[in-house]
Amino acid sequence: MRICEEAPAVREIEIFGKTIPVKDYICSRDGGPYPRKPEPNRLQLSICLTSFCSASCPFCIANNTREKRFIDLRKLEMVLRGLKDIDIVRGISITGGEPFTDVTLLDETIRLLFEIFGYGMEVTVSTNGTSLRDMHRLRDLSRLDVIHVSRHHYNDALNRMIFSIRVPDAEELREIIASVSYRDLFVFNCMLQRSYIGTPEEVRRYLDFAIRMGVPKVAFIYGAKINAYAERELMDYEEVLRPEDENLLFTRGYRDYGICRCQDGVYINPEGRIISFYGRCARTDKVPYARGLVYDAENCLRTGFGGDVIIQA
């Protein structure tokens, strides 16, 4: 894979005694320049609370995971305080596996994050929705920036077929969303698949569904092609989010050389109702520097998903 037409800016920083090359530029907005990052250079931190997910989405690396490994909160705290000391974290994503598998651990992790980094830190959670009703057990629920809910089709039966388990149907999901007063809390994540949401028409139907559900935004995602199903089915957002579509208004877009690109916009349905959307296509598996940090369920801090170990706590 050709990563880019010119060499991206990279700098070396020290993390837990290791010298790590990291991304040192801001993505190009709307075809503009690639400015250098301001000091200090900060990275996104992803925390894989567990390796386990009860779902079996055919495109997912967590498909058919059966061993329930969870992070050690004491070890995580040691790593977080070390990262805080060098001021390298700009935002935190809690993912998995399925983080709601152990809602008590999720609650304690969120409480620890805000204790160390303060309430100004952006913290998000990604979930398949199976235990989403348990979100009210999170003491800092109102301080989360976003809960990303995976929902890969507007049709309940087809959505469950993708997950291979029972996930909340549309009526349940509407009740869950309505149970909080701050509706901007939720974003739907939709993995674009040719046999499901794979045409401009299907995208519009999905966006109409999301409007009815009461969410303010949908993320259309391109996943890593990790197996034959993913090679065959997964698709780029540019195939279905098209500038000639009169119902779509594109606002800003970012490009990271040949590595990654994303696009923001809004959809206006025939009744005049509006919802934001976001498309992202990333091919970061061969990038020889850290674009983010990952703390996984083996209590390893890595230079990205599947990246090199910086420290094992």
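In this predicted model, strand β4 runs parallel to strand β5 (residues 89-95), and six bridges join the two. Within that pairing, Q44 stands opposite G91 of β5. β4 also pairs in the parallel sense with strand β13 (residues 292-295), here over four bridges, and V294 of β13 is the bridge partner of S46. Six of the six residues of β4 are buried, so the strand is largely enclosed by the rest of the structure.

**Nonpolar cores**

The largest nonpolar core comprises 74 residues, and those with the most contacts inside it are F186, F188, F220 and L301. Helix α2 (residues 103-117) gives the most to this core, contributing nine residues. Leaving aside neighbours within four places in sequence, F186 is in contact with ten listed partners, among them L132, M135, I147, V149 and K217. A second, separate core has 13 residues, including C53, F59, F163 and M191.

L234 is located in the loop between α6 (228-233) and β10. With a relative accessible area of 1%, L234 is buried. Beyond its neighbours within four places in sequence, L234 is in contact with F59, M191, L192, Q193, R194, G223, A224, K225 and Y229. The C-alpha atoms of L234 and R143 are separated by 33 Å, the two residues being 91 apart along the chain.

**Aromatic and charge-ring arrangements**

Eight aromatic pairs are found in a search of the whole structure. One of them is the stacked pair of Y34 and Y257, with 4.0 Å centre to centre and 10° between the planes. This pair links distant parts of the chain, 223 residues apart: Y34 is in the loop between β3 (28-29) and β4 (43-48), and Y257 is in the loop between β10 (248-256) and β11 (260-268). Y34 has 25% relative accessibility and therefore counts as partly exposed, whereas Y257, at 9%, counts as buried. Elsewhere, F188, Y206, F209 and F220 form one aromatic cluster.

Charged side chains also lie over aromatic rings. The charged end of K68 sits over the ring of F52, 4.8 Å from its centre. R143 lies over the face of Y119, at 3.6 Å from the ring centre.

**Salt bridges**

The structure holds 27 salt bridges. Three of them are set out below.

| Salt bridge | N to O distance |
|---|---|
| R29 and D30 | 3.6 Å |
| R42 and D87 | 2.8 Å |
| R204 and D245 | 2.6 Å |

R29 counts as partly exposed at 44% relative accessibility, and D30 counts as partly exposed at 49%. R42 lies in the loop between β3 and β4, while D87 lies in the loop between α1 (73-85) and β5, so this pair ties together parts that are 45 residues apart in sequence. R42 is partly exposed at 31% relative accessibility, and D87 is partly exposed with a relative accessible area of 33%.

R204 belongs to helix α5 (residues 200-213) and D245 to the loop between α6 and β10, so their salt bridge ties together parts that are 41 residues apart in sequence. In this pair R204 counts as partly exposed, at 22% relative accessibility, whereas D245 counts as buried, at 10%. In addition, R11, D24, R36 and E39 are joined into one network by salt bridges that share partners.

Methods. Residues numbered from 1 in each chain as written. Predicted model: local features only at pLDDT ≥ 70, side-chain atom pairs only at ≥ 80, totals over all residues. Heavy atoms only, no water. Phe/Tyr/Trp six-rings, centres within 6.5 Å; stacked < 30°, edge-to-face > 60°. Buried < 20%, exposed > 50% of the residue type's maximum accessible area, 1.4 Å probe, protein only. Lys NZ or Arg CZ within 6 Å of the ring centre and 35° of its normal. Pairing = 2+ DSSP bridges. Core = buried A, V, L, I, M, F, W, Y, C linked by side-chain atoms within 4.5 Å. Contact = heavy atoms within 4.5 Å. Salt bridge = Lys/Arg side-chain N within 4 Å of Asp/Glu carboxyl O.
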